[in-house]
Each structure stands twice: as C-alpha cells, then as structure tokens.
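Open the model in your viewer and keep the selection tool at hand. Each stop below says what to select and what is there.

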Amino acid sequence: MLNTSPVLEFKSSTFFAPILILFKNDIAAIELALQEKVNLAPEFFKDSPLIIDLRELNKQNLDLDFIQIAGVLRNIGFFPVGIRGGNEQQNKQASSLFIPIDTAREQTNAGTTGEAQKPENTKPALSQPETTVIKELINPASAPPIYAAATLVTQPIRSGQRIYATGDLIIMSQVSAGAEIMAEGNIHVYNTLRGRALAGVHGNTDARIFCFDLQAELISIAGDYKTSEDLNKQIYKKPVQIYLQNHALIIKEIA
Amino acid sequence: MARIIVVTSGKGGVGKTTTSAAIAMGLAKKGHKTVVIDFDVGLRNLDLILGCERRVVYDFINVINGEASINQALIRDKNCNQLYILPASQTRDKDALTQEGVGKVLEELSKEFDYIVCDSPAGIEKGANLALYFADDAFVVTNPEISSVRDSDRMLGILSSKSRRAERNEEPIKEYLLLTRYDSDRVKSGEMLGLDDVQEILSLELLGIIPESKSVLSASNAGIPVILNEKSEAGQAYADVVARYLGEKLPHRFIDGKQGFLRRLFGGRK
Ligand SMILES: Nc1ncnc2c1ncn2[C@@H]1O[C@H](COP(=O)(O)OP(=O)(O)OP(=O)(O)O)[C@@H](O)[C@H]1O
Ligand SMILES: [Mg+2]
C-alpha cells in the first residue's frame with residue numbers, strides 16, 4: 001500500500017526557559033534561595049525548564065560541580081535543559097547528563113534569582129533596573145539596555161488562572177480570588193484585586209503594586225509578602241500603592 | 001451553522017441539567033430546531049428530566065465510536081417536535097469521550113440544528129472541559145453561595161483559556177450568568193448571597209434568576225421540563241431567560257432582597 005503521509009516534520013520555533021545565573025558556588029545557599037522562590041509560587045515553577053548560567057562563577061574562578069548542582073535543581077523540581085558559560089570540565093559533565101551546551105550567545109538579558117545578589121551592590125535605577133544592572137555587570141561594554149515590554153491584560157483573571165509578565169503587568173479587569181499575577185516589574189490593576197499579586201519576582205526591590213481596590217489574598221514585592229490576614233482594615237477596598245522600604249512592605253492609600 | 005451553548009458550573013448539583021432541559025425546550029418551542037446533549041457519562045439523567053429514559057436505544061458514545069448513526073441515537077421529544085435529545089451512556093467509561101469524537105458529532109449536528117445545548121457534568125475534569133471546548137455561548141449556572149460562586153469563577157477561567165475559541169484566538173465564548181435556586185427569604189435573612197454579592201465577584205451579563213421552587217422537582221419527576229409549567233415561577237423565569245438570550249429586553253423578576261450578607265458585612269462601595 002502506498003502511504004505518503006509524512007512520519008515527522010521540523011518546525012522552527014522558540015522555546016522559552018528561564019536562565020538561572022549563579023553568583024556564588026555555595027550549593028546549600030543556592031538551594032535555600034531557590035526553595036524560597038519556589039515556595040512563593042510552587043505551581044508556577046513546578047517542572048519548569050531551566051538554563052544554568054555559570055559565567056559569573058567562572059569569572060571569579062569559583063568552581064562548581066555541575067552534576068551536583070543539576071541534581072539539586074532536579075530535586076527542587078526544575079528540569080535543567082542547558083548550560084551556558086561553563087568551563088571545560090562543567091561542559092563535559094553537562095554532556096554526560098545529555099544537557100546541551102549553549103555557546104552561541106555570549107550575552108544575556110535574563111533576570112536572576114534576587115537572593116544570591118546583594119541589592120546594595122546594584123545601583124537602583126528607576127523603572128526596569130534589574131535587566132539593565134545585570135547586563136552591565138556581565139558585559140560593561142554592551143549595547144544600550146533592553147527593556148521588557150509591558151503586558152496589558154483586558155479580560156478578567158479568574159480563579160485558577162496565572163499570568164506572568166517579564167516586564168510590567170497592567171490589568172484593566174478584576175483579578176479573582178484564587179488567581180495569581182506575577183511580574184518581574186511593576187503591577188498595575190485598574191480594578192479589584194482579590195487574588196495574589198507578586199511584583200519584582202526576580203528580586204527587583206524597586207517594583208511596586210498599584211491597585212484600585214485592594215482585597216488581595218497575598219501581595220509580594222521581591223519576595224517580601226503579606227497575606228490578607230496581615231492587611232490593615234483601613235486600606236481594605238481602597239485604592240493603594242504598595243512598595244518596599246528596608247524590606248518592609250508599605251501600603252499607602254492613593255488619595 | 002448551529003450555535004453551541006454549554007451549560008456549566010464547576011460545582012455539582014446547582015441545576016445544570018434542569019437548566020439544559022428547560023432552555024433547550026424553550027428554544028425549540030420558539031421554533032428553533034434544537035438538540036440537547038448529555039455529557040455526563042455514567043450518570044445520565046437528562047433523559048429522565050425530559051421523560052424519554054425508556055426510549056433510549058443508542059447513546060452519545062455509540063455515535064462517537066461509530067456503532068450507531070446520529071439519527072439512530074437522537075430521540076425526538078414527545079412534547080415538541082423541534083427538540084431532540086442525545087443521551088449519555090450509563091454504562092461506558094468516560095475515556096470514550098474524545099475531543100476528536102465530540103468534534104465530529106457536533107459538526108454533523110451543526111448542519112441540521114439551530115442550537116446545540118451541551119449539559120456539562122460537574123467538576124473541572126475532562127468531561128466538563130469537552131462539554132465547553134466547542135462552545136460559542138456559556139450559561140454559567142450558579143447558586144447564591146460562596147462555594148458555587150468560586151467554582152463558577154474557576155470555570156470562567158477555563159472557558160476563557162481552554163476552549164477552541166481561545167486556542168484559535170477567535171472571539172471569546174460569550175458568558176452569561178444564570179443564578180438558580182434563588183431564595184429571596186434566605187437572601188433577606190442573610191443566609192444566602194444576594195445578586196449584588198454574586199455580581200461583585202463574577203460581573204457577568206445576567207440572563208436570569210431562577211427562584212427556588214418545588215415545581216422543579218415535580219417537573220423532573222413527571223419528566224416534563226419545568227419551562228412547560230406556565231404557572232411555576234421557575235418555569236416563567238426560564239422562559240424569560242430564553243427570551244433574553246434571543247434578544248428580548250425583559251426586566252428581571254423574582255429578585256427581592258438583592259443584598260445578601262456580604263454587602264451588609266462590608267457595606268457597599270459607592
Ligand atoms: N430552581 C430550583 N428549585 C428547586 N430545586 C431545584 C432547582 N433547580 C434545581 N433543583 C434541584 O436540584 C437538584 C440538582 O439539579 P440538577 O440535576 O439540575 O443539577 P446539576 O447541576 O445538573 O447536577 P450534577 O452536577 O449532578 O449534574 C435536583 O434535585 C433539582 O430538582
Ligand atoms: Mg447534571
């Protein structure tokens with residue numbers, strides 16, 4: 001019988017994976033910092049692919065056993081799918097785990113896990129400092145900073161839905177209880193916020209949350225959070241802005 | 001091309017099947033050729049409410065599996081010749097429902113019918129997801145209590161993200177609220193949420209409020225959809241729902257005590 005239907009097909013496409021930039025080789029500290037991140041949004045990080053960036057470590061001549069770190073990441077629930085900026089030994093180890101080596105791009109605009117990075121060391125900039133600062137840190141001679149575009153959402157975010165924005169997140173509709181919105185930058189909700197809102201999720205302590213009607217289950221900026229239990233009755237159902245001051249969340253009514 | 005309506009809720013026992021039977025009958029009575037499909041495999045009771053349980057020979061799954069033609073499985077309603085029922089199987093397991101199979105059957109039916117009403121099972125699992133996947137319109141059946149409102153909200157999220165329209169980036173499913181088993185006395189006494197409470201959370205276009213009514217149970221015992229009982233308030237409310245869905249502007253009835261305990265607890269915002 002003649003069968004002309006193809007067995008397979010190649011399509012060109014892009015696959016998104018977060019990049020984990022390591023600044024220290026203390027595996028226990030890395031594990032702790034990551035676990036904290038994951039606890040904030042377990043569903044979001046569950047089975048997430050991950051590219052491991054070792055350039056910073058190798059610049060400082062800090063050695064790291066790649067097999068060991070890959071094991072730690074798998075245990076937490078990540079899937080390491082690539083290594084970048086590794087030394088010869090680390091690349092060999094990655095190959096032995098069938099993890100591809102990314103040598104093509106020598107620059108990165110990726111964010112980082114905020115914990116490993118001391119906020120005092122990075123000059124706070126105004127709107128999107130995170131990407132900029134890291135980029136300068138890695139390659140001072142690089143091109144102008146790339147700003148992540150803001151994400152605009154106009155339909156309601158219902159219970160069980162999750163939105164993640166790499167830049168600012170602007171929401172025009174209500175966010176239901178049981179919904180989760182996250183942004184590496186600021187979050188604006190021009191409506192009622194009943195769900196969980198996490199701004200500056202990659203450690204941007206300058207990120208802010210603005211909303212018209214605060215009834216949130218949880219608010220967080222760069223990992224510092226408050227649950228609805230901790231929210232003051234005075235600002236309940238009020239238009240507010242939320243920002244971080246010395247690791248304390250400040251909630252202020254917008255008059 | 002038929003318009004596909006899914007009657008859905010997330011939470012069980014809120015009145016989806018009662019609603020499916022009523023609105024399918026209402027649309028048919030208005031002269032639109034309508035078929036109502038029971039997606040609740042293993043727990044069929046749409047045929048009971050429509051009083052055709054003793055005429056079931058083949059079912060939805062037989063059709064999907066190619067064991068019967070659609071025309072063999074469709075049952076014509078005894079009260080209205082514009083209404084047909086495609087019953088669920090009571091015996092087979094749910095895995096027989098596949099997206100491809102459901103899609104084929106709906107496509108066939110679309111050629112012949114004006115409206116296809118899909119009676120969704122409870123939950124947010126496969127059966128419920130398949131019932132809504134191909135929908136154009138969604139009737140979100142909600143009772144005036146927190147758990148039901150929460151589940152409806154969850155369902156609305158699925159409607160806007162996991163449907164064919166969402167996947168194809170087409171115009172989203174049109175979502176309507178149907179507040180059922182509304183008991184004005186219990187709303188007034190603060191035992192139940194009021195319409196305003198529910199709308200504060202869901203903010204949907206309200207298609208109607210169906211009052212709690214004994215006539216619903218007696219109608220389903222008799223196998224005659226409650227919409228055919230013109231004396232019943234629930235029947236009248238369902239008739240209004242159908243008329244509004246078809247574009248008539250009617251004031252809402254059966255709605256005393258709009259403010260339930262949430263409002264009284266926190267006060268209005270205006
Ligand atoms: N307006 C009403 N007044 C009084 N009883 C009602 C009303 N609507 C539904 N009921 C009753 O509630 C029960 C559940 O109704 P129904 O079977 O329509 O719900 P369902 O959402 O389809 O349930 P399931 O999730 O199990 O499929 C039935 O006993 C029905 O008679
Ligand atoms: Mg039912």
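## Stop 1: Phe254(B)

Select Phe254(B): this residue counts as buried, because its relative accessibility is 16% and the cut-off for buried is under 20%. Keep in mind that the model is predicted. Phe254(B) sits in the loop of chain B between α12 (233–245) and α13 (261–266). Now check its backbone. Phi is near 55°, a positive value, and the residue is not a glycine. Most residues other than glycine have a negative phi.

## Stop 2: Asn169(B)

Stay in chain B and move to Asn169(B). Here too phi is positive, at about 60°, in a residue that is not a glycine. The residue belongs to the loop between α8 (164–167) and β7 of chain B. Is Asn169(B) buried or exposed? Asn169(B) is exposed, since its relative accessible area is 72% and the cut-off is over 50%.

## Stop 3: β7(B) and β8(B)

Follow the chain from that loop into strand β7 of chain B, residues 174–182. Add β8 of chain B, residues 205–211, to the selection. The two strands run parallel, and five bridges join them. For one bridge pair, pick Leu179(B): its partner in β8(B) is Ile209(B). Then colour by accessibility. β8(B) is mostly covered, with six of its seven residues buried.

## Stop 4: ligand 1

Keep β8(B) on screen and select ligand 1. β8 is one of the elements of chain B that supply at least two residues each to the shell around the ligand; α1 (16–29) is another. Which element gives the largest share of that shell? The answer is α1(B), with three residues.

Now show the whole shell. There are 15 residues around ligand 1, and those that come nearest are Gly13(B), Lys16(B), Thr17(B), Thr18(B) and Arg181(B). Colour the shell by class: five residues are nonpolar, six polar and four charged.

Next, draw three distances:

- Lys16(B): a polar side-chain atom lies 2.8 Å from an oxygen atom of ligand 1.
- Thr18(B): a polar side-chain atom is 2.5 Å from an oxygen atom of ligand 1.
- Ser213(B): a polar backbone atom is 3.0 Å from a nitrogen atom of ligand 1.

Switch on the ligand surface. Taken alone, ligand 1 exposes 640 Å², and the protein buries 80% of that.

## Stop 5: Asp153(B), facing chain A

Leave the ligand and select Asp153(B), in helix α7 of chain B, residues 146–161. Asp153(B) is buried, because its relative accessible area is 2% and buried means under 20%. What does Asp153(B) touch, beyond residues up to four places away in sequence? On chain A, the list holds Arg158(A), Ser159(A), Gln174(A), Ser176(A) and Ala177(A). On chain B, it holds Ile201(B) and Leu202(B). Zoom in on Ser159(A): its backbone nitrogen lies 2.7 Å from a polar atom of the Asp153(B) side chain.

## Stop 6: chain A as a whole

Cross over and select chain A. Its secondary structure comes to six helices and 15 strands. Buried residues make up 47% of its 255 residues. The accessible surface is about 13800 Å², and 55% of it belongs to carbon and sulfur atoms. For a contact map, take the contacts between residues at least 6 apart in sequence: 43% of them join residues at least 24 apart.

## Stop 7: Lys238(A)

Select Lys238(A), in the loop between β13 (224–227) and β14 of chain A. This residue is partly exposed, with a relative accessible area of 30%. Leaving aside neighbours within four places in sequence, Lys238(A) contacts Cys211(A), Phe212(A), Asp213(A), Leu214(A) and Glu253(A). Then draw a line to Arg158(A), a residue from the list at Asp153(B). Lys238(A) and Arg158(A) are 80 residues apart in sequence and 21 Å apart in space, C-alpha to C-alpha.

## Stop 8: Val240(A)

End in strand β14 of chain A, residues 240–245, which holds Val240(A). Is Val240(A) buried or exposed? Val240(A) is buried, with a relative accessible area of 0%. Show its contacts, again without residues up to four places away in sequence; among them are Ile209(A), Phe210(A), Ile235(A), Ile251(A) and Ile254(A). Cys211(A), Leu214(A) and Glu253(A) are on the Val240(A) list, and Lys238(A) contacts them as well. For a last distance, take Val240(A) and Glu253(A): they are 13 residues apart along the chain, and their C-alpha atoms are separated by 4.2 Å.

Notes: Residues are numbered from 1 along each chain as its sequence is written. Chains are lettered from A and ligands numbered from 1 in the order in which they are written. This is a predicted model: local features need pLDDT of at least 70, side-chain atom pairs count only at pLDDT 80 or more; totals for chains, interfaces and linings use all residues. Side-chain values use heavy atoms; hydrogens and water are left out. A residue is near a molecule or strand if one of its heavy atoms lies within 4 Å of it. A polar contact is a pair of N or O atoms within 3.5 Å; within protein, one must be able to donate a hydrogen and the other to accept it, and residues adjacent in sequence count only if both atoms are side-chain atoms. Accessible areas come from the Shrake-Rupley method with a 1.4 Å probe; for residues, only the protein chains shown count as cover. Helices (H or I, at least four residues) and strands (E, at least two) are DSSP runs, numbered from the N terminus. Ala, Val, Leu, Ile, Met, Phe, Trp, Tyr, Cys and Pro count as nonpolar, Asp, Glu, Lys and Arg as charged, and the others, Gly among them, as polar. Buried means under 20% relative accessible area, exposed over 50%, partly exposed in between (1.4 Å probe, protein chains only). Two strands pair if DSSP finds at least two bridges between them. Contact means heavy atoms within 4.5 Å.
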